[in-house]
Each structure stands twice: as C-alpha cells, then as structure tokens.
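Please open the model in your viewer and keep a selection box at hand. The tour goes from charged side chains to aromatic rings.

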Amino acid sequence: LPTVGLSLGPVAFRIRSRVFADATMSKEIMDLVALGFERERLQDYAVGNTAFREVSLTEYTLSYGLEIGALAVGVGGRYIQGHSLMDGRFFEPEVDINNETLLVRSVAVESQSGTGYGLDVGLSIDLPAGFRLSGSGTNVVQQMEWDDNLVAWSAEFDDQDFDDDNFGVEEFFDSFTEAPVDPNGVSLAVFEAGNELFTGSYFPQTYRGGLGWQAGGTSLEANAIVVSPRGRFSSPWDERLSLGIEQKIPILTLRGGYSIAQQGLSTYTAGVALRLGPVHIEGSGGVFNGERDLGVWDGYYGSIGLQIKGGGL
C-alpha cells in the first residue's frame, strides 16, 4: 500500500499502511468454487485445511541519522496503529443426501484495534578501496497489544450459492454477519476459529549485515538477513541472501538483483530510476519461484516509487 515519507536533514518521518493476508484451501473446495456444485460428488467435498488470516495496520516512524567521519549511525522509533487482526476458518460441509444439498459454514474472529511500538538501529562504516560495511536491527525492542473485545463474523453457503454465476467476492463478504464475542460463553465454532488469534501477533526481529563496493557510478552489495523470532507478520522471503548491482548513467540508474530464501525460494529483480532534477521516478519488477509445504510458488511482482528533493528536503 502507498508509503509517504518526508526527510529534513538528519530527521525523517514516514507513514506506511500494510496488510498481511494468507489463505489455504482444500482441492475439493477449490473445485466447488471454480466448477460449481456437482451432485455426483456430494459426499466427496471436504473443507480440510481451508482457513484464512489477515492483519492490517499503519506505522508512523520517526528516525534520526548522524555521520561521524567514516561512521554513520541511525535510530528509528515506530508507533503502530492496528486496524484489524483476524483468523477465520471453514467447517466441514453438512450434506443432505436425500435432498442432495450442501451447506458450508464459515466463522472468523477479529480484533478491531491495537497499538504497539518498535525500535530500529543501524550503522555503516566506509572502508578503504570503496568498500562499505553495514548492519541493522529492526524491532530490536518491540511490543504489540490487540484489543481483546472480539467480534465474530459468521456466514453460511449452500449449493445454490456455488452454482450462482453472479455470486462473486463482494457477495461472499456481504454474507458474513457481525456479533460481539461473549468471553463467558462462546460457541465451539467461534472458539476453534479464534483459538490462536493472538499467537505470534508480535513483529519479527530482523537483523541485516551487508558488504558493499562502489567505484564511480557502479555499486555492488551483498546482504544476509536473519529473522528471529519470526511472529505472524513475516514471510519466507524475509530471511534471505541477496546480491545487487547498480549502474548510474546520465539521468538513469539501472539495477539488478538476485536473492535466495528458505525452502529454495528465489527471486530475480530488475529496475530503472529516472532522475529529472529534484524528481526521481523509479520502478522495478521481477519473478519469484520455489517450493513450499503447500506446493509450488511462482509468479511476478512489481513496484513504483516517486521521490522529490529540494530546499534541503
């Protein structure tokens, strides 16, 4: 999601909104959604591990950097405003063999607010022959607390919903109804859906070490990143080894990179930046691939950024 930042001398301020979401779906439910309800497969449909989780938040970060000769140090403090923390799951279908009908229930449990903070530190030192050594720690000190006044969202889907060509994403989410969770007495479905809602709901501590080299308009850098503890706000890409190259030519900067992460996940990235006086426009894209416990991962990604410099900013 969009990030907005402003820097003035050694001080910088950034506002960033983030959404983390993941879902798993059984093959049978995938067939049900994609192909519609097939009565001859009435007893074959199984929810299995079909579930989803989501968190959304906004971070406000104030940072300060200082150069002392060849040494540069920085520190950043972050306030986090949580908007939503949700766990949901689907339950095994209720099958009416006589009437050849199917009913699937889904329940999600949500905390609708939270607050937290984090502290980041970093340093780099210039070495002879154009080399630079750097290191940083993200969330070296951190805490995140979510409101325990929870809300339960419930929905039911029958075979006619899956057969309806007009039943899309909007209709799916509109099917859920909201009700507060009574801590003194909850249904088994609500308990199972929200049992691990707060598990791992802290931010990962990320430590980075890098060695770079620069000569003229050419830069090379190798980085290693480790994450511990991970928490639920991290991904397999966060812990990785990477190598990047940058070449500056008149008004353009060309970039390329390769990284390898856990379980053989790898990425190839290429980017270009256009410099027009104080205006810098940059974009990048790449491919990723690998295998995880749930199967093969492959796809594409991209980003675009705008930076304006001037008047000491």
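Begin by selecting Glu59, which counts as buried at 3% relative accessibility, where buried means under 20% relative accessible area, exposed over 50% and partly exposed in between, with a 1.4 Å probe and protein chains only. Before going further, note that this is a predicted model, in which local features need pLDDT of at least 70 and side-chain atom pairs count only at pLDDT 80 or more, while totals for chains, interfaces and linings use all residues. Residues are numbered from 1 along each chain as its sequence is written, and side-chain values use heavy atoms, with hydrogens and water left out.

Now add Arg16 to the selection, and the side chains of Arg16 and Glu59 appear joined in a salt bridge, 3.0 Å from N to O; the term stands for a side-chain nitrogen of Lys or Arg within 4 Å of a carboxyl oxygen of Asp or Glu. Because Arg16 belongs to strand E2 (residues 11-24) and Glu59 to strand E3 (residues 51-68), the pair ties together parts that are 43 residues apart in sequence; strands here are DSSP runs of at least two residues, numbered from the N terminus. Arg16 is partly exposed, its relative accessible area being 23%.

Next, select Arg78 and Asp120, whose closest N and O atoms are 2.6 Å apart in another salt bridge. This pair links distant parts of the chain, with Arg78 in strand E4 (residues 71-90) and Asp120 in strand E7 (residues 114-126), 42 residues apart. Both Arg78 and Asp120 are buried. If you add Arg18 to the residues already chosen, you will have a network of salt bridges that links Arg16, Arg18, Glu59, Arg78 and Asp120.

Move on to Glu221 and Arg208, a salt bridge with its closest N and O atoms 2.8 Å apart. Glu221 lies in strand E12 (residues 218-227) and Arg208 in strand E11 (residues 206-215), 13 residues apart. Glu221 is partly exposed at 29% relative accessibility, and Arg208 is partly exposed at 28%. In total, the count comes to 12 salt bridges.

Turn finally to the aromatic rings, where the structure holds 6 pairs; rings of Phe, Tyr and Trp (its six-membered ring) pair if their centres lie within 6.5 Å, and planes under 30 degrees apart count as stacked, over 60 as edge-to-face and the rest as tilted. Select Phe90 and Phe157, whose ring centres are 6.4 Å apart and whose planes meet at 35°, so the pair is tilted. Phe90 is in strand E4 and Phe157 in strand E9 (residues 151-158), 67 residues apart, and both are buried. Adding Phe52 and Phe176 completes a cluster, linked by ring pairs, of Phe52, Phe90, Phe157 and Phe176.

Terms used. Helices (H or I, at least four residues) and strands (E, at least two) are DSSP runs, numbered from the N terminus.
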